[in-house]
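Visitor: Hey, got a minute to walk me through this one? I'd like to start with a couple of serines.
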Amino acid sequence: MQYRIEGGSLPALIINLNPGETIISESGGRTWSRGPIVTETKGGSAGKAFGRLLTGESLFMSYYTAQSPSEIAFASSFPGQIKAVRIAPGQEMIVQKSSFLASEAGVNLSIHFQKKLGAGFFGGEGFIMQRLSGNGMAFVEIDGELMEYQLKPGQKLIVDTGYVAGFESSVQMDIQTVSGAKNVFFGGEGLFHTVLTGPG
């Protein structure tokens, strides 16, 4: 499988599939395609389907399998960027709700529930996020611009609430209160910051 990402503020992911290769997306995710591609819609277990619904995805997933060399494209649904993420066995990625765009068939999409009450209520991303696991390439759509940081063990990154696009599962997400009444009322940062702690 070869891919490229083209376009400006509303990019498209264009994938060239070899015979027998499969790419999955939420139901109806394909924007265009060329060549013989067989489409199969699957729902999986009721639990997985309900989990996808909670994360902003459709109940069903579409599996696109090339019969001979083919091209398929998926376009972003809002202004921003498309990020390619390599998922390896034992390595998971946690991303915003509704950010899953497409992946190889070896990647599993599931629900990630934020266990810390404070982070769930005030972290800006809510209690429900998406978990990518398994093995293969995954593609997520991010609203706005993207900055990527590699955190060392124990290193912290303080982020304004609502600005976290995703992180490896080894990263801990929590919140901290903004100190000082003047900062709270006049600093424009609100009551809480999101804190990401490495490694990852």
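Guide: Sure. One term up front: contact means heavy atoms within 4.5 Å. This is a predicted model, where local features need pLDDT of at least 70, side-chain atom pairs count only at pLDDT 80 or more, and totals for chains, interfaces and linings use all residues. Residues are numbered from 1 along each chain as its sequence is written, and side-chain values use heavy atoms, with hydrogens and water left out.

Visitor: OK, what does Ser76 touch, not counting residues up to four places away in sequence?
Guide: Ser76 touches Leu10, Pro11, Ile82 and Glu141.

Visitor: Which side chain has a polar contact with Ser76?
Guide: The side chain of Glu141, at 3.0 Å. A polar contact is a pair of N or O atoms within 3.5 Å; within protein, one must be able to donate a hydrogen and the other to accept it, and residues adjacent in sequence count only if both atoms are side-chain atoms.

Visitor: Is Ser76 buried or exposed?
Guide: Ser76 counts as buried because its relative accessibility is 9%. Buried is under 20% relative accessible area, exposed over 50%, partly exposed in between (1.4 Å probe, protein chains only).

Visitor: Switching over, where is Ser62 found?
Guide: In strand β6, residues 61-66. Strands (E, at least two residues) and helices (H or I, at least four) are DSSP runs, numbered from the N terminus. Ser62 is buried too, at 3% relative accessibility.

Visitor: How far apart are Ser62 and Glu40 in space?
Guide: 5.7 Å, C-alpha to C-alpha, with their positions 22 residues apart in sequence.
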